[in-house]
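This briefing goes through one protein structure topic by topic. Keep the sequence and the 3D view open while reading.

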Amino acid sequence: MDVVDVTIIGAGPVGLFGATMARLHGLSTTVMESLPELGGQLYALYPEKPIYDVAGFYGISGKDLAQQLIEQAQHFSPQLVLGESVQTITPLTLGGELLYEVATPTTRVRSRVILITVGIGAFIPRVLPAERAELFEGHGVYYLMPSLEHFRDRRVLIVGGGDTALDWTLAIAPLAQEVLLVHRRSQFRGQDESIRLIHEAPNVTIKTPFELTRVDGAQEIQAAHLKQVGVDRTEVVPINDIVSGLGFLPSLGPVKNWGLTLAGQSIVVDPSSMATNLQGVYAAGDVAQYPGKVKLIATGFGEIGIAVAQIRSYIDPSKHGLPHSTNLKTIPR
Ligand SMILES: Cc1cc2nc3c(=O)[nH]c(=O)nc-3n(C[C@H](O)[C@H](O)[C@H](O)COP(=O)(O)OP(=O)(O)OC[C@H]3O[C@@H](n4cnc5c(N)ncnc54)[C@H](O)[C@@H]3O)c2cc1C
């Protein structure tokens, strides 16, 4: 089995930039991502939302930033393993060298270094507490967003009272025939400006305090049952799609069993090197924790610079820091 220099676990923005930096500085790199798509939270949670605090872009959408990062990484041809969640990392010594065997249910990779960029971990959605909702998951009931175009001219029900639900309402309303925003409390928890815009949207109906209790339909969703909270009254409304804005439960999943020092759902690192407690294992991005940590894309990109410099000198101790990319004599492909 070939040995790669670095295996990056998680292909959100930070893992993707990690692939670019590792390859740019001459390290052979494999990226393993549990979702079938690259891009992490940018792609899965807020593809259409504009981001204003990534250097060099004014108001770039999550999807477009993900696309830029993917294109940049693909210039350097890292090996990609998609749709497979890394379950274990196992240390082994070969020819006196410490390596890790990184395993998904179907793939094994041997690697000198591991860079963990799993962000908030597996995206485990808070499940809609409605009868028969599970029958339509991925084709009518959505926890991860399909393309916005899917909702054109459709009747869409959005569940939730926080920013996620409000954001989806504002993103979907301009395309949809009608949007019903259902929340079990009378007050929303999101930003005032979003609430104001939703009240102004001509095709959005706010249903509070209501709960989604049942979904009707065979191949496709036909209707949703909405029960008024505290009152024995249920309305049945015709609907095509249901979007959950109930959010996700942070869960590191298998990462918890790898022997890393954890702080809640994060991995403790030394911020001067991004090294974890395990030799040859580094972490960056949302999952990495140290005093003063700020969970932003910009922070994660900076952490990648530190991590890749350290990884490069861990693999070849004669190398220190990182040369400016403008001074590189050859750019790997
Ligand atoms: C609604 C919303 C708005 C936001 N707005 C902003 C903003 O304006 N500015 C900003 O800077 N930040 C913003 N953020 C935060 C930003 O998205 C995160 O800081 C960023 O996504 C972290 O990137 P990451 O690569 O560390 O992790 P993630 O984006 O979480 O990616 C981690 C990847 O690892 C994968 N993974 C997890 N476990 C495994 C495993 N065992 N094996 C293989 N793969 C695995 C996941 O599937 C995922 O693709 C926002 C977040 C949300 C939810």
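Around the ligand there are 32 residues, and Glu33, Gln41, Tyr46, Asp53 and Asp286 come nearest. The model is a predicted one. The points below start with the ligand, then turn to the empty spaces, the strands and two features of the backbone.

**The ligand and its surroundings**

- Aspartate 286, one of the residues that come nearest to the ligand, has a polar side-chain atom 2.7 Å from an oxygen atom of the ligand.
- Isoleucine 297 places a backbone N or O atom 2.9 Å from an oxygen atom of the ligand.
- Serine 34 has a polar backbone atom that lies 3.1 Å from a nitrogen atom of the ligand.
- On its own the ligand has 1,000 Å² of accessible area, and the protein covers 88% of this.
- Helix 1, strand 2 (29-33) and helix 2 (40-44) are the elements that give two or more residues to the shell around the ligand.
- Among the elements, helix 1 gives the most to this shell, with 3 residues.
- Sorted by class, the shell around the ligand has 16 nonpolar, 11 polar and 5 charged residues.

**The cavity**

- How many cavities of 30 Å³ or more does the structure hold? There is 1 cavity of that kind.
- The space in the largest cavity comes to about 30 Å³.
- Two elements give two or more residues to the lining of the largest cavity, namely helix 1 (13-24) and helix 3 (62-74).
- The lining of the largest cavity is made up of Leu16, Ala19, Val31, Leu38, Ile70, Ala73, Gln74, Pro78 and Leu80.
- Helix 3 gives the most to this lining, with 3 residues.
- By class, the lining of the largest cavity has 8 nonpolar residues, 1 polar residue and no charged residues.
- Helix 1 therefore appears in two places: it gives residues to the lining of the largest cavity, and it also gives residues to the shell around the ligand.

**The second largest pocket**

- The volume of the second largest pocket is about 190 Å³.
- This pocket is lined by 13 residues, and those closest to its centre are His25, Gly26, Leu27, Arg312 and Lys319.
- The lining of the second largest pocket divides into 6 nonpolar, 3 polar and 4 charged residues.

**The open sheet**

- Five strands form an open sheet with parallel pairing, in the order 10-17-11-12-13.
- Which strands stand at the edges? They are strand 10 (141-142) and strand 13 (204-207), and each has a single partner strand, so one side of each is left without a neighbour in the sheet.
- Strand 10 runs parallel to strand 17 (residues 241-244), and 2 bridges join them.
- Tyrosine 142 has valine 243 in strand 17 as its bridge partner.

**The hairpin**

- Strand 14 (residues 210-217) and strand 15 (residues 221-228) run antiparallel and are joined by 7 bridges.
- These strands, 14 and 15, form a hairpin, with 3 residues between them.
- Within this pairing, aspartate 216 stands opposite alanine 223 in strand 15.

**Two backbone features**

- The peptide bond that joins threonine 208 and proline 209 is cis, with omega at about -20 degrees.
- Where is proline 209 placed? Proline 209 is in the loop between strand 13 and strand 14. Strand 13 is one of the edge strands of the open sheet, while strand 14 belongs to the hairpin.
- Serine 77 is not a glycine, although its phi is positive, at about 50 degrees.
- The place of serine 77 is the loop between helix 3 and strand 5 (79-82). Helix 3 is also the element that gives the most to the lining of the largest cavity.

Terms used: Residues numbered from 1 in each chain as written. Predicted model: local features only at pLDDT ≥ 70, side-chain atom pairs only at ≥ 80, totals over all residues. Heavy atoms only, no water. 1 Å grid on protein atoms, 1.4 Å probe; cavity = no way out; pocket = protein on both sides within 12 Å on 5 of 7 lines; lining within 4 Å. Points joined across faces, edges and corners; volume = space filled by probe spheres on them. Helix = DSSP H or I, 4+ residues; strand = E, 2+ residues; numbered from the N terminus. Nonpolar A, V, L, I, M, F, W, Y, C, P; charged D, E, K, R; others polar. Near = heavy atom within 4 Å. Polar contact = N/O pair within 3.5 Å; in protein donor to acceptor, adjacent residues only side chain to side chain. Areas by Shrake-Rupley, 256 points an atom, 1.4 Å probe, with all protein chains shown as cover. Pairing = 2+ DSSP bridges.
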